[in-house]
Amino acid sequence: MTKREYEIAAGRPLDLEYGGGGFVSAVDGKSISVAQPNEEVRQHLQGYGLRWRTIVEYKGQLIYFEPHAIKNPMWGEPKRLLFDHDESEIYATTQSGLQLHCDDYGLAMRLVIGKDPKRRKAYETVKRGERTALSAGLIMHGGEFFDIEGARIKVIKSATLEELSLVPVGACKPAFCGLIDADGARSLEDDAESLRILKDSSANRVTKALAALQEALRNRH
């Protein structure tokens with residue numbers, strides 16, 4: 001397969017959508033502060049752009065990514081960070097603040113904001129809760145089909161990442177993007193190996209579930 005493909009999510013006419021989850025409002029009991037205009041942002045964006053062992057639907061087909069289907073994501077052509085897969089503006093690349101690392105759970109990402117105005121836009125959209133999901137634009141290399149309990153599933157063992165997009169909603173719920181405190185932060189690799197990113201993912205799912213419950217209770221009255 002030579003053309004880039006995206007997973008369909010939430011009815012959007014896009015090729016590959018991953019994401020879900022809210023954002024982290026506190027780290028280790030400390031509230032995340034709000035940066036003022038022109039002030040250095042002391043938070044990073046961090047999360048998973050793709051989770052292995054997760055079945056997602058792509059054009060009516062079920063896709064399953066094996067662990068480490070993407071290898072060495074920082075190698076090769078620079079990977080881009082976009083909004084909603086819109087190529088008209090690039091907010092960061094792996095040469096300008098975007099960090100990627102594959103662990104046993106998925107494709108981990110971090111965006112260092114600093115004072116960069118474009119990266120600040122990415123920070124603002126996550127902080128406001130407009131885009132807290134991540135979507136991975138990639139090329140899938142082949143794949144094997146398996147029939148499991150009446151469902152036909154395509155298993156992907158190899159894929160090449162081209163870009164990540166911040167999106168409002170995605171199909172792969174464990175993938176997410178949140179905010180962490182930059183002061184004293186360890187490396188992305190250390191956060192992945194210590195399972196901090198995985199724990200943040202679980203916290204985001206709980207936060208979303210509670211928000212959905214509160215909304216359902218409000219609608220009853």
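Hi everyone! Let me start with a term: a salt bridge is a side-chain nitrogen of Lys or Arg within 4 Å of a carboxyl oxygen of Asp or Glu. Side chains of opposite charge can pair when their charged atoms come close.

A quick word on the source. This is a predicted model, where local features need pLDDT of at least 70 and side-chain atom pairs count only at pLDDT 80 or more, while totals for chains, interfaces and linings use all residues. Residues are numbered from 1 along each chain as its sequence is written, and side-chain values use heavy atoms, with hydrogens and water left out.

So how many salt bridges does the rule give? The count is 15.

Let's look at Asp-191. One of its partners is Arg-196, with the closest N and O atoms 3.5 Å apart. Asp-191 also pairs with Arg-110, and there the closest N and O atoms are 3.0 Å apart. That second pair joins distant parts of the chain: Arg-110 sits in strand β9 (residues 106-114) and Asp-191 in helix α2 (residues 188-193), 81 residues apart. Helices (H or I, at least four residues) and strands (E, at least two) are DSSP runs, numbered from the N terminus.

Are these residues buried or exposed? Buried means under 20% relative accessible area, exposed over 50%, and partly exposed in between, using a 1.4 Å probe and protein chains only. Asp-191 is buried at 0%, Arg-110 is buried at 4%, and Arg-196 is buried at 18%.

Now for a network. Salt bridges link Arg-120, Glu-124, Lys-127, Arg-128 and Glu-130. Within that group, Glu-124 and Arg-128 meet at 3.7 Å, N to O, and Glu-124 is buried, at 15% relative accessibility.

Thanks for listening!
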